[in-house]
Amino acid sequence: MERAVFDLPFPAAELPVLTEVAQRHRRWLVDSGLLASPAAIDRLMSRLTEGMSPAWQARAAACFARFLQGYIEEAANRRDQTALLPDGYLDLRIRTGATDIIMMLAERIDDCELPLRVARHETVRQLCHLSAQVIDVVQDVLSLDKEVADGDLHNIVLVLCRHHGWDTERAVGHCRTMVQDWTDSFVVLQSSLPTVRAELHLTNSEWARVCRYAGALRACMRGNHDWCGESPRYAPDAGQGRPYVGYLEGLDRAYALPESEHP
């Protein structure tokens with residue numbers, strides 16, 4: 001399938017230091033022992049939680065628990081060849097896509113931890129849900145070739161084709177429509193955030209964090225789209241004559257630096 005492109009109403013973030021950051025990150029993968037050292041796990045869970053409140057840590061732990069439970073369900077589906085309905089699949093995909101974990105990390109990385117009363121507000125929850133749906137469906141469409149080759153049932157395009165009797169083109173078109181509807185809803189809902197500010201009597205500092213968080217959600221949606229379109233993980237020829245990068249154990253080979261770039 002030719003890679004689909006979605007018309008997301010969010011500009012790509014401008015990152016002038018992207019090349020430098022990518023090189024540093026690759027060195028870190030190689031040098032940190034993340035793929036081979038058990039101690040790396042402890043170093044990772046402390047980097048995640050440093051400076052974050054107990055409330056944030058509890059929310060993050062719940063996200064990881066949902067993610068792991070979702071993977072158990074996916075494994076059972078593969079074993080039993082379960083034919084999922086579209087709504088049920090999207091509900092499962094929200095959990096296995098780890099999108100809520102990404103959004104929790106956005107609070108950590110962007111220094112915009114949300115007060116608990118904000119994180120629990122229905123408008124904010126809906127913004128997160130819409131973002132997760134956009135990310136998951138875009139990723140499914142762009143990873144379709146890989147999952148067909150792997151014989152994986154867990155892809156919204158395949159679920160729609162099987163449930164409705166559609167061909168791939170019609171199912172992808174439906175995915176485009178869903179993403180368009182969700183991004184339109186996101187834009188409208190984001191415009192209502194000043195009402196949330198007034199309702200919750202947010203301080204200037206709290207409001208600034210909410211604004212940064214909304215920006216982080218937009219960046220996650222657009223960044224996911226751009227990364228999936230460029231990553232070798234989802235290339236139509238992934239695994240054919242090149243290191244397979246679908247799993248962690250392939251990262252050290254797929255992203256190994258040339259000798260000239262090692263420190």
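**Exercise 1.** What volume does the second largest pocket have? Then describe which residues and elements surround this pocket.

*Solution.* The structure is a predicted model, and in it the second largest pocket has a volume of about 650 Å³. The next step is to look at its lining, which is made up of 24 residues, and among these the closest to the centre of the pocket are Cys 63, Arg 66, Asp 100, Arg 125 and Cys 128. Turning to the elements, those that give two or more residues to this lining are α3 (54-80), α4 (86-96), α5 (99-109), α6 (116-119) and α7, and the most comes from α7, with 7 residues. The last step sorts the lining of the second largest pocket by class, which yields 12 nonpolar, 3 polar and 9 charged residues.

**Exercise 2.** Find how many cavities of 30 Å³ or more are counted, and work out what lines the largest cavity.

*Solution.* Begin with the count, which comes to 1 cavity when the cut-off is 30 Å³ or more. The volume of the largest cavity is about 40 Å³. Its lining consists of Leu 114, Val 124, Leu 127, Leu 193, Val 210, Tyr 213, Ala 214 and Leu 217. Two or more residues of this lining are given by each of the elements α7 (122-142) and α12 (204-230), and α12 gives the most, with 4 residues.

**Exercise 3.** Which classes of residue are found in the lining of the largest cavity?

*Solution.* Sorting the lining of the largest cavity by class gives 8 nonpolar residues, while no polar and no charged residues are found there. For the second largest pocket, the lining holds 9 charged residues and 3 polar ones beside its 12 nonpolar residues.

How values were computed. Residues numbered from 1 in each chain as written. Predicted model: local features only at pLDDT ≥ 70, side-chain atom pairs only at ≥ 80, totals over all residues. Heavy atoms only, no water. 1 Å grid on protein atoms, 1.4 Å probe; cavity = no way out; pocket = protein on both sides within 12 Å on 5 of 7 lines; lining within 4 Å. Points joined across faces, edges and corners; volume = space filled by probe spheres on them. Nonpolar A, V, L, I, M, F, W, Y, C, P; charged D, E, K, R; others polar.
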